[in-house]
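Visitor: I should like to learn how the pockets of a protein model and the surroundings of a ligand are to be read. May we work through an example together?

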Amino acid sequence: MGATGAVGSTILGVMRERSFAADEVVPFASERSAGRTIDHGDRDLSVVALSEEAIQGFDVALFSAGSAVSADWAPRFADAGAVVVDNSSQWRMHDDVPLVVSEVNPDALDSHRGIVANPNCTTMQTVIALKPILDAAGIERLVMSTYQAVSGTGQRAVDELHRQAEAVIEAHELPPPAVYPHQIAFNVLPQVETFTDGDDYTTEERKCMRETRKILGRDDIAVSATCARVPVYTGHSVSANVQTREPLSPGECRELLSRAPGVVVVDDPGDAIYPTAIDAAGRDDVLVGRIRSDPSHERCLNLWIVGDNLRKGAATNAVQVAELLHVRGLLRAARASY
Ligand SMILES: NC(=O)c1ccc[n+]([C@@H]2O[C@H](COP(=O)([O-])OP(=O)(O)OC[C@H]3O[C@@H](n4cnc5c(N)ncnc54)[C@H](OP(=O)(O)O)[C@@H]3O)[C@@H](O)[C@H]2O)c1
């Protein structure tokens, strides 16, 4: 669901790369795209619009069409017998919905009742790096500052950055910003998503704080997040300040992370070796570098964590969750009424 979008098209690509074992793949999108042809390797797929009739008979539905579509259609797919893996924020904090990162808390899938949520992209890459630290030394507090790519907003934002950058370079008048409240080209915006109901944290910052605790299963971790949008096409970067319960040296942390699933340590700053968004784009691994002690606190480490927001931050994890559901015999499990 959302097959024509930034995440949906990446999901289809990841399914092809991983030879995802499906008898049939049906791309759903809005009425606007119905009938459009999508190249899916050895076959062409025709985009289908949502209807009660069209959603019958599926084992798995991978959703990436935004919260409104998920609110309305994820329960209907689940009622029709599919397990939904949803990329939107609609179901993530629902008590009956596991929020799963395949390397971090795959066992949470056991409790699913028809809908599984994929976390926010920034949270996803951060918890993959935090989990080995949590297991080895405990975590008391996390301060995360993010530098998020425009593809995290979707295809319209990618086009907006492109148009604005072209206008600046060619010294043309800039088109007025349509997706973001300010110019994003050659700028940094300390706002990712929206400020609602007088909250002075954005919805994205609230998601990072809440989802980190839910995925790690630790309500007692104090989390503070500041999320910024940067003029990068793909790849979110996170500066994480992690206060552990037990002492953990940078060397021990590097060693732990070098053995962690889904993580690659890229950390030789003296030779300018550290992760960048461009390095992470197109990869499924989360890259971690700049691992160092915080001089202001004896049990604090600083880390620089970079991931491809469209791949591991969304599409790859969704496909991995679908694979786990199949391998663990969790398709067609118990249903809830949402
Ligand atoms: N981009 C990321 O890095 C990222 C990461 C994690 C999670 N997510 C989440 O994934 C979801 C999709 O994000 P995206 O970046 O892929 O957005 P996008 O590029 O704007 O794509 C949106 C998709 O949803 C479809 N759609 C929109 N309205 C619809 C409707 N009323 N009925 C049916 N289909 C509809 C669109 O179909 P048409 O082409 O027909 O309009 C398109 O396929 C969002 O919930 C987002 O928060 C995104």
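Visitor: How many nonpolar, polar and charged residues are in the lining of the second largest pocket?

Guide: One reads a lining by sorting its residues into classes. In this predicted model, the lining of the second largest pocket has 20 nonpolar residues, together with six polar and four charged ones. The lining numbers 30 residues in total, and those nearest the centre of this pocket are Met15, Phe20, Ala22, Glu24 and Val60.

Visitor: What volume does the second largest pocket have, and which helices and strands supply its lining?

Guide: The space in the second largest pocket comes to about 660 Å³. Helix 1, strand 5 (60-63) and helix 8 supply at least two lining residues each.

Visitor: What are the volume and the lining of the largest pocket?

Guide: The same reading applies: volume, then lining, then class. The volume of the largest pocket is about 1000 Å³. Its lining consists of 46 residues, with Ser64, Gly66, Gly152, Thr153 and Gly154 nearest the centre. By class, 23 of the lining residues are polar, 16 are nonpolar and seven are charged.

Visitor: Which helix supplies the largest share of that lining?

Guide: For the largest pocket, helix 1 does, with three residues. At least two residues each come from helix 1 (6-17), helix 2 (67-79), helix 5 (203-216) and helix 8 (311-327).

Visitor: In which pocket does the ligand sit?

Guide: A ligand is assigned to a pocket by the position of its atoms relative to the pocket's grid points. Here the ligand sits in the largest pocket. There are 27 residues around the ligand, and Thr4, Val7, Ser30, Arg32 and Ser33 come nearest.

Visitor: How is the shell around the ligand divided by class, and which helices supply it?

Guide: The shell around the ligand has 15 polar residues, 11 nonpolar residues and one charged residue. Helix 1 and helix 8 supply at least two shell residues each.

Visitor: Which residues have N or O atoms at short listed distances from the ligand's own polar atoms?

Guide: Polar contacts are read as pairs of N or O atoms within 3.5 Å. A side-chain N or O atom of Ser33 is 2.4 Å from a ligand oxygen atom. For Ser30, a side-chain N or O atom lies 2.5 Å from an oxygen atom of the ligand. Gly152 contributes a backbone N or O atom, 3.5 Å from a ligand nitrogen atom. As for cover, the ligand on its own has 910 Å² of accessible area, of which the protein covers 76%.

Terms used. Residues numbered from 1 in each chain as written. Predicted model: local features only at pLDDT ≥ 70, side-chain atom pairs only at ≥ 80, totals over all residues. Heavy atoms only, no water. 1 Å grid on protein atoms, 1.4 Å probe; cavity = no way out; pocket = protein on both sides within 12 Å on 5 of 7 lines; lining within 4 Å. Points joined across faces, edges and corners; volume = space filled by probe spheres on them. Helix = DSSP H or I, 4+ residues; strand = E, 2+ residues; numbered from the N terminus. Nonpolar A, V, L, I, M, F, W, Y, C, P; charged D, E, K, R; others polar. Near = heavy atom within 4 Å. Polar contact = N/O pair within 3.5 Å; in protein donor to acceptor, adjacent residues only side chain to side chain. Areas by Shrake-Rupley, 256 points an atom, 1.4 Å probe, with all protein chains shown as cover. Sits in = over half its atoms within 2 Å of the grid points.
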